[in-house]
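This briefing goes through a single protein model topic by topic, and it is best read with the coordinates open alongside. Please follow each point in the structure as it comes up.

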Amino acid sequence: MSEWNAMTYEGKDTILRVVREEAAGLMALASPPEAWEARTACSQWSVRDVVGHIVDTTEGYFTSFDAARSGNPAPEPAGLPSMSRLAHEGAAGFRGETQQSMLERLEADQHKMMELLEALGPEDWTGLMVTHAYMGPVPAFFYAAGQLMDYAVHSWDIREGAGQAHAFHGDAADLLVPFMFAIWQGTVDPAKVGEPSEVGVRVTGRNAGDFRVAVSGDGLTYEAGSLDDLPAVLEFDAGSLVLTAFGRCNTGTVRGDDAVAERFLGSFFRI
């Protein structure tokens with residue numbers, strides 16, 4: 001199943017295909033004139049703000065890759081705790097632009113980003129370190145996942161805001177599963193952790209697996225392994241894991257001690 005692991009070069013073509021599909025889907029959702037001011041699952045954002053956010057984020061990726069290629073110093077990462085504020089400021093900065101101009105800009109940015117990612121060879125895919133605006137230096141493949149997170153999660157946000165019956169697309173969810181543990185690592189809130197806990201996380205789909213996940217005031221660690229001796233196991237399909245890690249839903253199935261599971265799930269801030 002290596003073609004479904006975007007942390008390897010073998011998964012490159014798969015994730016780029018799915019990014020294109022999710023980007024086309026979001027463009028279709030944002031294109032009707034009546035959609036532009038429609039609310040989304042993000043309480044402060046309409047559809048126009050989602051588009052502005054992805055433009056802002058993608059153009060920031062260009063700056064990060066330019067710095068990595070040139071060897072020039074990149075700005076200090078802001079950290080995930082400040083992401084919601086800074087992302088909102090970036091998105092809101094485009095509110096004076098027209099729907100047509102922003103959709104054209106988003107389409108141009110998406111094509112440019114795909115060209116940049118397509119050009120990465122095996123060594124750069126995993127070995128080129130590019131400083132992310134919030135997370136610091138990460139391998140280049142993380143930016144393909146970042147694009148997929150933006151297009152797939154925010155498409156879900158738009159559908160949720162519209163009150164549609166909908167679900168998370170399986171290909172996107174499967175590809176994002178390995179990255180959700182990194183999202184959890186980056187969003188641990190020491191003030192919420194309280195007593196350290198260790199739980200099992202069982203995920204289905206193309207990146208299925210059993211993971212032992214421990215969280216404390218020092219952060220989160222995880223590894224594949226047996227869950228038999230753990231007080232609680234959280235079971236997720238791929239889409240539910242993504243939506244839980246991004247704080248969109250309270251979902252999943254608990255086997256075992258509810259209190260331990262809830263203490264673990266309450267240890268994060270939402271982005």
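Which residue of strand 2 is the bridge partner of Thr131? It is Pro137 that takes this place in strand 2. The model is a predicted one, and the points below take up the hairpin to which this pair belongs, then two residues in helices, the pockets and the cavity, and finally the five-stranded sheet.

**The hairpin**

- Strand 1, made of residues 129-132, and strand 2, made of residues 136-139, run antiparallel and are joined by four bridges.
- Three residues lie between strand 1 and strand 2, and the two strands form a hairpin.
- Thr131, bridged to Pro137 in this hairpin, is also one of the residues in contact with Ser64 once the neighbours of Ser64 within four places in sequence are left aside.

**Two helix residues and their contacts**

- Ser64 is found in helix 2, and with a relative accessible area of 12% it counts as buried, because the cut-off for that class is under 20%.
- Beyond its neighbours within four places in sequence, Ser64 is in contact with Val130, Thr131 and Tyr143.
- Leu86 has its place in helix 3, and its relative accessible area of 26% makes it partly exposed.
- When residues up to four places away in sequence are not counted, Leu86 touches Ala78 and Tyr134.
- Leu86 and Tyr134 are 48 residues apart along the chain, while their C-alpha atoms are separated by 9.8 Å.

**The pockets**

- The largest pocket holds about 910 Å³ of space, and it is lined by 39 residues, of which His53, Met83, Ser84, Ala87 and Tyr134 lie nearest its centre.
- At least two residues of this lining come from each of helix 2 (47-70), helix 3 (83-92), strand 1 and helix 6 (141-161), and helix 2 gives the most, with seven residues.
- Sorted by class, the lining of the largest pocket comprises 20 nonpolar, 14 polar and five charged residues.
- The second largest pocket contains about 230 Å³ of space, and among the 13 residues that line this pocket, Thr244, Asn250, Leu265, Phe268 and Arg270 are the closest to its centre.
- Six nonpolar, six polar and one charged residues make up the lining of the second largest pocket.

**The cavity**

- Across the whole structure, a search finds one cavity of 30 Å³ or more, and the volume of the largest cavity is about 40 Å³.
- The lining of the largest cavity consists of Trp36, Arg48, Asp49, Ala91, Phe94, Arg95, Glu97 and Met102, which divide into four nonpolar, no polar and four charged residues.

**The five-stranded sheet**

- Five strands form an open sheet in the order 5-4-3-6-7, with mixed pairing.
- Strand 5 (219-224) and strand 7 (253-256) stand at the edges of this sheet, and each has a single partner strand, so one side of each is left without a neighbour in the sheet.
- On average, and with direction ignored, neighbouring strands of this sheet are turned by 25 degrees against each other.
- Strand 3 (residues 197-203) and strand 6 (residues 232-236) run parallel and are joined by four bridges, and Arg202 has Glu235 as its bridge partner in strand 6.
- Strand 6 and strand 7 run antiparallel and are likewise joined by four bridges, with Thr253 in strand 7 as the bridge partner of Glu235.
- Glu235 is thus bridged on the one hand to Arg202 and on the other to Thr253.
- Four of the five residues of strand 6 are buried, so strand 6 is largely enclosed by the rest of the structure.

**Helices across the sheet**

- Helix 9, residues 238-245, lies across strand 3 and strand 6, and it runs at about 110 degrees to strand 6.
- Helix 10, residues 258-265, lies across strand 3, strand 4 (209-216), strand 5, strand 6 and strand 7, and it runs at about 85 degrees to strand 3.

Key
Residues are numbered from 1 along each chain as its sequence is written. This is a predicted model: local features need pLDDT of at least 70, side-chain atom pairs count only at pLDDT 80 or more; totals for chains, interfaces and linings use all residues. Side-chain values use heavy atoms; hydrogens and water are left out. Two strands pair if DSSP finds at least two bridges between them. On a 1 Å grid over the protein atoms alone, a cavity is a set of points where a 1.4 Å probe fits but cannot get out, and a pocket is an open set with protein on both sides within 12 Å along at least five of seven lines; lining residues have an atom within 4 Å of a point. Grid points are joined across faces, edges and corners, and a volume is the space filled by probe spheres set on the points. Ala, Val, Leu, Ile, Met, Phe, Trp, Tyr, Cys and Pro count as nonpolar, Asp, Glu, Lys and Arg as charged, and the others, Gly among them, as polar. Axes are lines fitted to C-alpha atoms, for helices over the stretch in contact, and angles run from 0 to 180 degrees between N-to-C directions. Contact means heavy atoms within 4.5 Å. Buried means under 20% relative accessible area, exposed over 50%, partly exposed in between (1.4 Å probe, protein chains only).
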